[in-house]
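Reader: I am new to this structure and should be grateful for a close look at one part of it. Please choose a single element, describe it carefully, and then explain how it relates to what surrounds it.

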Amino acid sequence: MMSLMAWGESFDRLLECKTGQLVFEDFLRTEYSDENLLFWLACKKYKKITRVTEMTIAAKRIYTEFVQVGAPRQINIDCVTREEISKNISQPGPNCFDGAQKLIYGLMENDCYPRFLKSEIYQDLLEPAEQQ
């Protein structure tokens with residue numbers, strides 16, 4: 001269970017781990033902010049798309065789910081960043097969501113992650129791991 005300890009070392013270590021992502025998502029759901037992680041993961045997947053048609057479809061999906069005002073999982077980004085994405089959404093490039101992705105990453109790292117480390121969800125997992 002070494003990976004559990006690693007999650008506490010850095011936010012990146014947590015996100016590198018599939019299980020870490022799932023546990024962090026569970027935690028975020030308790031804070032009603034799981035859209036942040038889901039958006040970040042969607043952007044990560046989006047960057048791997050190479051075909052233009054696929055990219056356009058994926059970009060629109062991310063936009064309607066997370067970015068546009070009133071989106072079902074609207075992320076908390078400034079209006080300038082939101083505007084920027086709205087302008088580019090008709091012809092989205094691979095870096096279309098970079099600005100927003102960075103903002104959300106920062107929000108999770110500086111705000112949610114420290115709370116996650118103190119959370120019962122993480123602490124309960126850690127206890128048995130520390131006893132081994």
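Author: In this predicted model, residues 24 or more positions apart account for 59% of the contacts in the protein with a separation of 6 or more. The fold in which these contacts occur has eight helices and zero strands, and its pattern along the sequence reads α-α-α-α-α-α-α-α. The C-alpha trace spans about 55 × 30 × 20 Å along its principal axes. Of the 132 residues, 43% count as buried.

The element chosen for the close look is helix α3, which comprises residues 18-30. Its geometry can be tested against an expectation: at 1.5 Å a residue, its 13 residues should span 18 Å, and because the end C-alpha atoms are 19 Å apart, the two values agree. Buried residues in α3 are Gly20, Gln21, Val23, Phe24, Glu25, Phe27 and Leu28. A general point about helices helps in reading such a list: an α-helix has 3.6 residues a turn, so residues three or four places apart point the same way. After α3 comes Tyr32, whose phi is positive, near 55°.

Two partners of α3 deserve attention, and α4 may be taken before α7. Helix α4 covers residues 34-46. It packs against α3 at an angle of about 145°, with the two axes 7 Å apart. From α3, the residues Gln21, Phe24, Glu25, Leu28 and Arg29 take part in this contact, and they meet Asp34, Leu37, Leu38 and Leu41 of α4. Sorted by class, the residues of the contact are five nonpolar, one polar and three charged.

The contact with α7, which covers residues 98-118, has another geometry to describe. The axes of α3 and α7 come within 10 Å and cross at roughly 90°. An angle from 65 to 115 degrees counts as roughly perpendicular, and therefore α3 is roughly perpendicular to α7. Val23, Phe24, Phe27 and Leu28 are the residues of α3 that meet Met108, Cys112, Tyr113, Arg115 and Phe116 of α7. Eight residues of this contact are nonpolar, none is polar and one is charged. Phe24 and Leu28 thus appear in the lists for α4 and for α7.

Aromatic rings add detail to this picture. The protein has twelve aromatic pairs. In one of them, Phe27 and Phe116 stand edge-to-face, with 5.6 Å from centre to centre and 65° between the planes. This pair joins distant parts of the chain, since Phe27 lies in α3 and Phe116 in α7, 89 residues apart. Phe27 counts as buried because its relative accessible area is 5%, and Phe116 is likewise buried, at 0%.

A second pair joins Trp40 and Tyr105, whose rings are tilted: the centres are 6.1 Å apart, with 40° between the planes. Here, too, distant parts of the chain are linked, for Trp40 belongs to α4 and Tyr105 to α7, with their positions 65 residues apart. Trp40 is buried because its relative accessible area is 11%; Tyr105, at 17%, also counts as buried, because the cut-off is under 20%. Both pairs belong to one aromatic cluster, formed by Trp7, Phe11, Phe24, Phe27, Trp40, Tyr105, Tyr113, Phe116 and Tyr122. Phe24 and Phe27 of α3 are therefore members of a group that also includes Trp40, a residue that is buried, and Phe116, which is buried as well.

From α4 the description can be carried one step further, to helix α5 (residues 52-67). The axes of α4 and α5 come within 11 Å and cross at roughly 170°. Because an angle over 145 degrees counts as roughly antiparallel, α4 is roughly antiparallel to α5. On the α4 side the contact involves Glu35, Leu38, Phe39, Ala42, Cys43 and Tyr46, and on the α5 side Met55, Ala58, Ala59, Ile62, Phe66 and Val67. This contact has eleven nonpolar residues, no polar residues and one charged residue. Leu38 of α4 appears in this list as well as in the list for the contact with α3.

Phe66 offers a point on which to end. It lies in α5 and counts as buried because its relative accessibility is 3%. Beyond its neighbours within four places in sequence, Phe66 has contacts that include Glu35, Leu38, Phe39 and Ala42, together with Ala71, Arg73 and Arg82. The C-alpha atom of Phe66 is 35 Å from that of Glu127, which is 61 residues away along the chain.

Note on methods:
Residues numbered from 1 in each chain as written. Predicted model: local features only at pLDDT ≥ 70, side-chain atom pairs only at ≥ 80, totals over all residues. Heavy atoms only, no water. Phe/Tyr/Trp six-rings, centres within 6.5 Å; stacked < 30°, edge-to-face > 60°. Helix = DSSP H or I, 4+ residues; strand = E, 2+ residues; numbered from the N terminus. Buried < 20%, exposed > 50% of the residue type's maximum accessible area, 1.4 Å probe, protein only. Expected span 1.5 Å × (residues − 1). Axes fitted to C-alpha atoms, helices over the stretch in contact; angles between N-to-C directions. Parallel < 35°, antiparallel > 145°, perpendicular 65-115°, else oblique. Contact = heavy atoms within 4.5 Å. Nonpolar A, V, L, I, M, F, W, Y, C, P; charged D, E, K, R; others polar.
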